[in-house]
Amino acid sequence: MGLSSTMPASEGVQFCIFDLKRGQHEGQELDKILFFYPADCPFMTQLSVIGLSEGLITFTRIFSPEAACEVIEAERHSHVFHEAEADIWMVMVVDKNKEAEAIWRIGALQRVLKEVHSLFVMFHGSVRSLLEKEPSGELVRSHLYFFITDYLTDFLSGKKLQLPFFRDCLKERGTVQMLTVGRDAAIDVESLVKVLESSCPGSSSCNSLIMFQDLLVSTTLSPDDTLSLFTYAVLRLTPRVLSSGTNSWSYLRKSHAASHVTGSILGNFTSSAEDIYGSRDTSPVGNAQRYYVPRPLQRGKWSKGKDGFLVADIWGTEMGQLSAATATVWLQQMEERRYLRVYQHNNLTVILLIPYSSMMNGEQGLSIVKQQILENAAVKIIKVEEKLTRGWGGENAYHVAGYRYLLFDSDRNISRASPPVKVTTLTKDSLLALSKLREEVDLEKHRAKQDEPGRENDLEICIRAKNNAWVIARLTRGKELYMVLEKANETLLYATDAVDKFSNRYCDGALSLD
């Protein structure tokens, strides 16, 4: 299922999801298409894109049967692949544009594919499980259609999709940003977490994730589940999102046009979808009469109640109930579904995950848990928020004078970077040079992974850009540092010394190559 033709298309971008197990017989080729953007592409064009992608996947397996195809560079296009599940492929085809503003980094595009899939699984389960539940594909197509439609609205800038490009090279999508917490505040956070864990009835224990503004403070989830829930919170739950009506990442963009056109996009797509997909009866219009499709990524659906808990009406209603049903998520590590309850006090967001199986009375049982939190944890939440606010240095808290940097821990999927407002002071030449450097580092990491799996190689690259800025990459012991020094001495020794000083002062020497 594709996006409606009323969705403004970004020239030269195609995005599809297909199942290699389906449509293997003549006349059934359309069955393998689960999602396609843009939808106004004729079916023959859609089949051509997917057929080419399938051919490239099959061809590359001849030479690399153990490693899935990740990218194919053609003369005029880049084909970015992600095998999200066994035989379920996500492919993005991007035109190569001579305009410098349209320079993409393949690794960043791959992270977009991985992110949308992980979010989809958290709310709806795997694509394969939905296909097994309803083999015709109508169920999964409708879920993918609404979910990815809502997801892509966050990339709209005016009437175009603004995918991650060279100006985003000092960001790392698919990572968690942590708040540095002092000892006293950490003790209070730990006490709060224990109270939250004991809020569940019986012998069950609740999991929690605590955020201050857009930064993670505490989590009792696995790294993968933490990343997915953190990503969703930044997109739809943080105080900044609720107050501005946009996600916490898109406010960094220079243009806010996306938030102004979303309503018309999502309000008009159903009629076009019916026209395009009516022949296969897979449109959301027809399927909506058969089952309810939750849309957790819809904008503006979450709001804060008078009691501090966030509410949304995007999950329908419980059987026999008039009130909106509580959101649920799927935790991959525990392999179980949990109720999602969110409490917010000023800048502090507390996300509570309650075992689905422990709530025998459904919403009635959740109301009891909610009351326990208000009685037992509310005072602690206020105390923690006050301490974190007093210790918070503002949006420039992690700025380091003279440096523009991205620090990334690949083992824990944690990153820290220069504030966006500081990154905007860099020249275009510096950002282009860093983007190209990161592309080279990605290729080198990929080669090393294939040649010697499991081995971590130290790497340092220093490049003098044409505007005389130093662009630096240093990788060691699972950590990656990318840096731009625009007002630096001309010597290479100065540049490497600046990196060492940064590592010793802000990273406890973790990036030292000695």
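Which residues of E18 are buried on one side, and which on the other? In this predicted model, Trp470, Ile472, Arg474 and Thr476 lie on one side of E18 and Val471, Ala473 and Leu475 on the other, and all are buried, leaving both faces of the strand covered. In a regular strand, side chains alternate between the two faces of the sheet. Counted over the whole of strand E18, residues 470-476, seven of seven residues are buried.

A look at the partners of E18 helps to fill in the picture. Strand E17 (residues 459-464) pairs with E18 in the antiparallel sense through six bridges, and within this pairing Ile461 stands opposite Ala473. The two strands form a hairpin with five residues between them, and Asn468 in that turn has a positive phi of about 75°. Strand E19 (residues 479-485) also runs antiparallel to E18, joined to it by seven bridges. Here Val471 of E18 finds Val484 of E19 opposite. E18 and E19 make a hairpin too, with two residues between them, and Arg477 in the turn shows a positive phi of about 50°.

Turning to the helices, H5 (residues 183-197) packs with H11 (residues 378-391) at an angle of about 155°, the axes being 10 Å apart. Because of that angle, H5 is roughly antiparallel to H11. The crossing of the two helices is left-handed. On the H5 side, the contact involves Asp184, Ala185, Asp188, Val189, Ser191, Leu192 and Val195, which meet Lys380, Ile381, Lys383, Val384, Lys387 and Leu388 of H11. By class, this contact between H5 and H11 comprises seven nonpolar, one polar and five charged residues.

Terms used
Residues are numbered from 1 along each chain as its sequence is written. This is a predicted model: local features need pLDDT of at least 70, side-chain atom pairs count only at pLDDT 80 or more; totals for chains, interfaces and linings use all residues. Side-chain values use heavy atoms; hydrogens and water are left out. Axes are lines fitted to C-alpha atoms, for helices over the stretch in contact, and angles run from 0 to 180 degrees between N-to-C directions. Helices (H or I, at least four residues) and strands (E, at least two) are DSSP runs, numbered from the N terminus. Angles under 35 degrees count as roughly parallel, over 145 as roughly antiparallel, 65 to 115 as roughly perpendicular and the rest as oblique. A crossing is left-handed if the near helix is turned anticlockwise from the far one by less than a right angle, and right-handed if clockwise. Contact means heavy atoms within 4.5 Å. Ala, Val, Leu, Ile, Met, Phe, Trp, Tyr, Cys and Pro count as nonpolar, Asp, Glu, Lys and Arg as charged, and the others, Gly among them, as polar. Buried means under 20% relative accessible area, exposed over 50%, partly exposed in between (1.4 Å probe, protein chains only). Two strands pair if DSSP finds at least two bridges between them.
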